[in-house]
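Please open the structure in your viewer and keep the sequence panel beside it, so that each stop on this tour can be selected as you read.

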Amino acid sequence: MIVIGGEALVDLVPASTADGPLAPLHPRLGGGPYNVAITLGRQGVPVGFHGRISTDPLGEALLDRLTESAVDTELVQRGPEPTTLAVVGLAADGGARYSFHTRDTAAPLVRPAELPAHCTALCLGTLGLVLEPGATVYEQALFRAAEQGRFTALDPNVRAGMIADPDAYRARFESWLPAVDLLKLSEEDARWLSPDEPVVDAVRRWRDAGPRAVVLTRGGDGLLVLAGEEPVSVPAPATAVADTIGAGDTVQGSLLAWLHREGALDADALTGLDWHRALRHAAAAAAITVSRPGAEPPWSAELAPGG
């Protein structure tokens with residue numbers, strides 16, 4: 001089983017970009033790691049979610065969606081704190097910006113938990129590695145998993161407005177890299193994490209610090225991976241974009257699904273992987289997600305056989 005750790009929350013998404021900042025808001029279930037877990041479950045991969053979810057009505061909806069998407073909830077913790085919220089602003093091209101309401105909410109209050117023996121991989125990211133005390137819980141889980149020889153994946157999915165001390169976070173991010181096998185991030189993440197060097201140089205430096213593969217999402221320009229000496233890239237499929245919420249999460253979940261099916265949830269396997277096929281699979285899944293409002297990753301039946 002692949003375990004995904006991090007926040008589950010509710011995105012409040014404008015019904016339309018035409019009505020400006022006071023457009024009616026529709027609740028959408030999400031959170032970066034939550035979306036990754038949903039992606040894996042819908043693609044038929046054994047997956048569990050490690051996070052804290054409120055017992056309020058929004059929390060009940062979050063839990064129900066995990067179950068409906070075939071995500072194991074053994075590691076889900078429940079609490080009376082309110083559900084964590086994100087208010088989403090949409091640009092005309094579907095790009096999303098976020099403001100978060102996290103204080104005294106459920107997601108950051110996750111407690112340590114032992115990974116089950118049948119857990120072969122751990123994937124972390126987004127606010128789970130920012131908001132304390134949960135960030136320290138997940139950081140320690142990352143280091144333990146690496147020591148135990150489990151496959152590890154990281155998507156920082158930077159939310160700059162939630163990071164009080166950027167330099168401290170950047171240093172902390174660098175400290176995680178020796179324990180990471182697969183690093184996935186966006187071009188925007190890369191520029192924020194290393195503002196004083198070209199993205200390609202930062203990606204090579206991070207790859208040399210620990211990860212066997214670094215995958216870069218580039219919006220409409222598609223996906224790129226550096227696993228060997230030369231990068232491999234694929235274009236983004238043409239699609240009508242409703243919004244970009246959950247696109248990167250779908251990429252991460254779909255890559256992990258591909259690795260699972262190929263028997264490649266192993267650091268050594270990443271350098272010899274057919275990355276063109278892996279990236280095409282992830283790009284196709286993300287194209288479906290962005291074609292509909294909110295983070296709605298595709299089910300296996302919506303994807304071409306074999307990815």
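The tour below goes through sheets, helices and a few backbone details, one selection at a time.

Keep in mind from the start that this is a predicted model.

**First stop: the sheet of nine strands**

Select the strands in the order S5-S4-S1-S8-S9-S10-S11-S12-S13, and you will have highlighted an open sheet of nine strands with mixed pairing. Its edge strands are S5 (residues 76-79) and S13 (residues 232-234), each of which pairs on one side only. As you follow the sheet across, the twist averages 15 degrees from one strand to the next. Zoom in on S1 and S4, which run parallel and are joined by four bridges; if you pick Gly5, you will find that its bridge partner in S4 is His50.

**Second stop: helices on that sheet**

Now add helix H3, which packs on the sheet and touches S1, S4, S8 and S9, its direction making about 150 degrees with that of S8. Then add helix H7, which also packs on the sheet, touching S1, S8, S9, S10 (182-186), S11 (213-217) and S12 (223-226), with a direction that makes about 165 degrees with that of S9.

**Third stop: a closer look at H3**

Select residues 134-147 to isolate H3, a helix of 14 residues that reaches 20 Å from its first C-alpha to its last, close to the 20 Å expected at 1.5 Å a residue. Which residues of H3 are buried? They are Gly134, Ala135, Val137, Tyr138, Glu139, Ala141, Leu142 and Ala145. In thinking about such a list, it helps to recall that an α-helix has 3.6 residues a turn, so residues three or four places apart point the same way. Besides packing against strands S1, S4, S8 and S9, the buried residues of H3 pack against helix H4 (166-176). Just after H3, select Gly149, which takes a positive phi of about 80 degrees.

**Fourth stop: the loop before H3**

Step back to the loop between S8 and H3, where Pro133 is found; the peptide bond from Glu132 to Pro133 is cis, with omega near 5 degrees. Thr126 is found in the loop between S8 and H3 as well, and although Thr126 is not a glycine, it has a positive phi of about 55 degrees. Is Thr126 buried or exposed? Thr126 is buried, with a relative accessible area of 6%. For another positive phi in a residue other than glycine, select Asp104, where phi is near 60 degrees; Asp104 lies in the loop between S7 and S8 and is exposed, with a relative accessible area of 60%.

**Fifth stop: the sheet of four strands**

Select S3, S2, S6 and S7, which form an open sheet in that order, with mixed pairing. The edge strands here are S3 (25-30) and S7 (96-101), each pairing on one side only. Six bridges join S6 (85-90) to S7, and these two strands run antiparallel; look for Leu90, which stands opposite Ala96 in S7. Helix H2 (57-68) lies across S2, S3 and S6, and runs at about 50 degrees to S3.

**Last stop: where H1 meets H7**

Finally, show H1 (32-42) together with H7 (247-261), which pack at an angle of about 40 degrees with their axes 8 Å apart. That angle makes H1 oblique to H7, and H1 passes H7 in a right-handed crossing. To see the contact, select residues of H1 including Val36 and Leu40, which meet a group in H7 that includes Leu256 and Ala257.

How values were computed. Residues are numbered from 1 along each chain as its sequence is written. This is a predicted model: local features need pLDDT of at least 70, side-chain atom pairs count only at pLDDT 80 or more; totals for chains, interfaces and linings use all residues. Side-chain values use heavy atoms; hydrogens and water are left out. The expected span of a helix is 1.5 Å times one less than its number of residues. Buried means under 20% relative accessible area, exposed over 50%, partly exposed in between (1.4 Å probe, protein chains only). Contact means heavy atoms within 4.5 Å. Two strands pair if DSSP finds at least two bridges between them. Axes are lines fitted to C-alpha atoms, for helices over the stretch in contact, and angles run from 0 to 180 degrees between N-to-C directions. Angles under 35 degrees count as roughly parallel, over 145 as roughly antiparallel, 65 to 115 as roughly perpendicular and the rest as oblique. A crossing is left-handed if the near helix is turned anticlockwise from the far one by less than a right angle, and right-handed if clockwise.
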